Amino acid sequence: YDAIRLKNGNTMISDGSACSVREVNSKGEEVWKISKKDFPELKLNWLTGIKELPNGNILICNWLGHGEHGTGIPLFEITKEKKIVWYFTDNFSTKSITNVALSN
């Protein structure tokens, strides 16, 4: 669904319905990954937009379409150590989030 170049030169990829986000190096080797099984409490459905934050953490959008509205966490921040920093829970105002933009 989405791919971004990280500050370290690797590429991070969110792959939609496969419900994972992975980082690959310049040789295409996977060096980091999260998936649905890592965070069952978030009820991940379709991982879409991703953004690298200045501190190296990652913002991840969890699209809740196809009848999944209101069933999971639509947006969360995670560390490279796979720790959840915070998550956005307002499924009423947002319905579903596919991407997020950052501003200074």
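A salt bridge, as I use the term today, is a side-chain nitrogen of Lys or Arg within 4 Å of a carboxyl oxygen of Asp or Glu. With that cut-off, Asp15 and Arg22 qualify, since their closest N and O atoms are 3.5 Å apart. Before going further: what you see above is a predicted model.

Let me stay with that bridge for a moment. Are its two ends buried or exposed? Neither word fits: Asp15 is partly exposed, at 21% relative accessible area, and Arg22 is partly exposed as well, at 27%.

The search of the whole structure gives 2 salt bridges. The other one joins Lys80 and Glu23, with N and O 2.4 Å apart. How far apart in sequence are these two residues? They are separated by 57 residues: Glu23 sits in strand E3, residues 20–24, and Lys80 in the loop between E7 and E8, so this is a link between distant parts of the chain. Here the two ends get separate labels. Glu23 is buried, with 3% relative accessibility, while Lys80 is partly exposed at 29%.

Lys80 has a further contact. Its charged end sits over the ring of Trp32, 5.5 Å from the ring centre. If you are turning the model, Lys80 is a useful place to stop, because this partly exposed residue takes part in the bridge to Glu23 and also sits over Trp32.

Now the overall layout. The protein chain has 1 helix and 8 strands. What order do they come in along the sequence? The pattern reads β-β-β-β-β-β-β-β-α, which puts the helix after the strands. The radius of gyration is 13 Å, and the globule rule gives 13 Å for 104 residues, so the chain is as compact as a globular protein of that length. Along the principal axes, the C-alpha trace spans about 40 × 30 × 20 Å. Of the 104 residues, 45% are buried.

Next, the aromatic side chains. A pair of aromatic rings is described by the distance of the centres and the angle of the planes. In this model there are 2 aromatic pairs. Phe39 and Phe76 make up one of them, with 6.5 Å from centre to centre and 50° between the planes, which is a tilted arrangement. What does this pair tie together? Phe39 belongs to the loop between strand E4 (30–35) and strand E5 (47–52), and Phe76 to strand E7 (residues 75–78), so the contact joins parts that are 37 residues apart in sequence. Both rings belong to buried residues: Phe39 has a relative accessible area of 4%, and Phe76 has 0%.

The other pair is Trp46 with Trp63. Their ring centres are 5.8 Å apart and the planes meet at 80°, so this one is edge-to-face. Trp46 is in the loop between E4 and E5, and Trp63 is in the loop between strand E6 (58–62) and E7; with 17 residues separating them, this pair also links distant parts of the chain. Where the phenylalanines are buried, these tryptophans are partly exposed, Trp46 at 27% and Trp63 at 21%.

On the surface, Val85, Trp86 and Tyr87 form a nonpolar patch. Together they have about 290 Å² of accessible area. Tyr87 lies in strand E8, residues 84–88, and is partly exposed at 44% relative accessibility.

I will finish with the backbone. Most residues other than glycine have a negative phi. Which residues have a positive value here without being glycine? I have two to show. His66 has phi near 55°. His66 is placed in the loop between E6 and E7 and is exposed, at 63% relative accessibility. Lys82 has a phi of about 65°. Lys82 is in the loop between E7 and E8 and is partly exposed, at 34%.

To recap the contacts: the search gives 2 salt bridges and 2 aromatic pairs. Three of those contacts link parts that are distant in sequence, namely Lys80 with Glu23, Phe39 with Phe76, and Trp46 with Trp63. That is what I have for today.

Conventions:
Residues are numbered from 1 along each chain as its sequence is written. This is a predicted model: local features need pLDDT of at least 70, side-chain atom pairs count only at pLDDT 80 or more; totals for chains, interfaces and linings use all residues. Side-chain values use heavy atoms; hydrogens and water are left out. Rings of Phe, Tyr and Trp (its six-membered ring) pair if their centres lie within 6.5 Å; planes under 30 degrees apart count as stacked, over 60 as edge-to-face and the rest as tilted. Helices (H or I, at least four residues) and strands (E, at least two) are DSSP runs, numbered from the N terminus. Buried means under 20% relative accessible area, exposed over 50%, partly exposed in between (1.4 Å probe, protein chains only). A charge sits over a ring if NZ of Lys or CZ of Arg is within 6 Å of the ring centre and within 35 degrees of the ring normal. Patches are made of residues with over 30% relative accessible area and no salt bridge: like charges are joined within 9 Å, nonpolar side chains (Val, Leu, Ile, Met, Phe, Trp, Tyr) within 5 Å. Accessible areas come from the Shrake-Rupley method with a 1.4 Å probe; for residues, only the protein chains shown count as cover. The radius of gyration is taken over C-alpha atoms; the globule rule is 2.2 Å times the number of residues to the power 0.38.
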